[in-house]
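Trainee: I'd like to learn how to read a protein model bit by bit. Could you walk me through one?

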Amino acid sequence: MKICCIGAGYVGGPTMAMIALKCPDITVTVVDMNAARIAAWNSGTLPIYEPGLDDVVKQARGRNLHFSTDVAGGIKQADIIFVAVNTPTKTYGVGKGRAADLTFIESVARTIAEHADRGKIIVEKSTIPVKTADTIKTILASNTKGLKFAVLSNPEFLAEGTAVKDLQNPDRVLIGGERTPEGDKAVETLVGVYARWVPRANIITTNLWSSELSKLVANAFLAQRISSINSISALCEATGADVDEVANAIGMDSRIGPKFLKASVGFGGSCFQKDILNLAYLCESFGLPQVAAYWTSVVSINDWQKHRFVAHIGRELFNTVADKKIAVLGFAFKKDTNDTRESAAISVCRDLLNERALVSVYDPKVPAEEIRADTLGQGVENPRLTVAKDAYEACAGAHAITIVTEWDEFKTLDYAKIFAGMPKPACLFDGRNIVDLAALRKIGFKASGIGKPPAGRP
Ligand SMILES: NC(=O)c1ccc[n+]([C@@H]2O[C@H](COP(=O)([O-])OP(=O)(O)OC[C@H]3O[C@@H](n4cnc5c(N)ncnc54)[C@H](O)[C@@H]3O)[C@@H](O)[C@H]2O)c1
């Protein structure tokens, strides 16, 4: 069997590496039009950082895992074609800022129709609006060679930062297909691939639309839990309750459960916001404005939380951060990834720069050019934004430290040493609740966290 995956990004690269590792008899080729990305996949420095990924790629690459820019060649050889291209939020026209931009999906469907020389199984791996399989099927069916394709939906549930672990041991694999003999046969073929390492009971098969919709709904529910606890964090700050204590107390209720109840400066990442906005747009398109409004509020609370964090910094710094150095520790949207898409740090840095602060950012995995481009725009310069080589350099002489990404190394910094090098009062704002506020206050910091009682409150 030969598998091709179009799109060598955060999803295509790791998922295909895992299939290649677990199925040594299947040839897996990942293709992408981005030559630099393919070159990186073929080099010693992979284009994405994920714990454990280097190892998986090293074991399979050159054996049965290949990375190439030859999209047409990959399509021709394959029996199964995964589509893992990006589906960003539309930035123009109808649905701007909310609907998914399906340009890349459509273009891939056309390329497959053009280059395929026999019928194949096409698998939607990208997250797409429900009913997209119809579009793909229609484009494929218009091929001039009379070829027949089966279209499946197989959304990816991996989380960046734990992608290898998630792929190795997924909670479930979801495969949606048409309820026809051909559809069932295609579903069984794909089930056969995953069943090499995933228990059969964890492989769910559904109709196409349930599968497509489940991915959007899963992300909406996950993000909703974060916005729920973040909304409560504001009430905690106002009342003296501690959001971690509240999360623990409610999370022990087995009906609620403990996961995704960590309050923070706000969620980021390429998926949550995009997928919720897309879900809300779909609801509106199907005449359900109340449902759309409900889900849109999850994103609104998240935006508010990010701005609220900086507003709090301003208040604590005597209502002005102008010309004060503020250290921003962490820029990736979460720890253990170099992905910065929709990172809360972008919003925090922009708000601080708007208030004329001198912002010094440090992240262990994100390159300086990317921090600048994400915050200011490609090629734009602003001397108020600097990138430090480590946390100590970022914090030296700063009026305040903000922890924006929960990288483990920020838990064990020598805060007494850092405190000694800061003007007083020295402030610290923990946007991830990872440091011991009481210990920092003992050192002398004016320290606060998200949803934490202010110093001196019982
Ligand atoms: N990143 C995640 O954690 C995650 C998790 C689950 C699902 N998803 C979904 O998976 C999809 C891919 O996400 P990603 O983060 O891997 O995106 P990405 O931007 O990292 O990668 C997409 C790749 O597709 C390539 N591409 C686009 N059009 C192409 C074409 N016509 N021919 C060849 N290559 C093409 C791009 O060059 C890019 O390298 C999205 O729909 C996303 O919503 C992402």
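Trainee: Let's start small: which residue follows α3, and is its phi positive or negative?

Mentor: Bear in mind that this is a predicted model. The residue after α3 is glycine 62, and its phi is positive, near 85°.

Trainee: And α3 itself? Which of its residues are buried?

Mentor: Start with the general idea. An α-helix has 3.6 residues a turn, so residues three or four places apart point the same way. Now look at α3, residues 53-60: Leu53, Val56, Val57 and Ala60 are buried there. They span an arc of only 95° around the axis, which puts them on the same side of α3.

Trainee: What covers the buried residues of α3?

Mentor: The cover includes helices α1 (12-22), α2 (35-41) and α7 (163-168), along with strand β3 (65-68).

Trainee: Okay, sheets next. In what order do the strands of the open sheet run?

Mentor: General idea again: strands of a sheet pair through backbone hydrogen bonds, either parallel or antiparallel. Here you have an open sheet of six strands in the order β11-β10-β9-β12-β13-β14, and the pairing is parallel. At the edges stand β11 (385-387) and β14 (446-449); each has a single partner strand, so one side of each has no neighbour in the sheet. On average, neighbouring strands of this sheet are turned by 20° against each other, ignoring direction.

Trainee: Can we zoom in on one pair? How many bridges join β9 and β10?

Mentor: Five, in the parallel sense, between β9 (residues 325-329) and β10 (residues 358-362). To find your place, look for alanine 327, which stands opposite serine 360 in β10.

Trainee: Which strands does helix α12 touch?

Mentor: Helix α12 (residues 289-316) packs on the sheet and touches β12 (400-403), β13 (427-430) and β14. Its direction makes about 165° with that of β13. Then there's helix α13 (residues 344-354), which lies across β9, β10 and β11 and runs at about 160° to β10.

Trainee: Elsewhere in the chain, what do β7, α8 and β8 make together?

Mentor: Those elements, with α8 covering residues 181-194, make a right-handed β-α-β unit. The strands β7 (residues 173-177) and β8 (residues 203-207) pair in the parallel sense over five bridges. Within that pairing, leucine 174 has isoleucine 204 in β8 as its bridge partner.

Trainee: Last topic: how many salt bridges does the structure hold?

Mentor: There are 23. When you read one, ask who the partners are, where they sit in the chain and how exposed they are. Take arginine 98 and glutamate 284, whose side chains meet at 2.9 Å, N to O. This pair links distant parts of the chain, 186 residues apart: arginine 98 is in the loop between β4 (80-83) and α5 (103-115), while glutamate 284 is in helix α11 (residues 272-285). Arginine 98 is partly exposed at 29% relative accessible area, and glutamate 284 is partly exposed at 37%.

Trainee: What about aspartate 275: buried or exposed?

Mentor: Aspartate 275 is buried, with a relative accessible area of 0%. Its side chain meets that of lysine 274 in a salt bridge of 3.0 Å, N to O. Lysine 274 has 13% relative accessibility and counts as buried, because the cut-off is under 20%.

Trainee: Which residues are linked in a network of salt bridges?

Mentor: Look for Asp242, Asp244, Lys262 and Lys452, which are linked that way.

Conventions: Residues numbered from 1 in each chain as written. Predicted model: local features only at pLDDT ≥ 70, side-chain atom pairs only at ≥ 80, totals over all residues. Heavy atoms only, no water. Buried < 20%, exposed > 50% of the residue type's maximum accessible area, 1.4 Å probe, protein only. Helix = DSSP H or I, 4+ residues; strand = E, 2+ residues; numbered from the N terminus. Arc of directions from axis to C-beta. Contact = heavy atoms within 4.5 Å. Pairing = 2+ DSSP bridges. Axes fitted to C-alpha atoms, helices over the stretch in contact; angles between N-to-C directions. Salt bridge = Lys/Arg side-chain N within 4 Å of Asp/Glu carboxyl O. Right-handed = clockwise from strand over helix to strand, strands pointing away.
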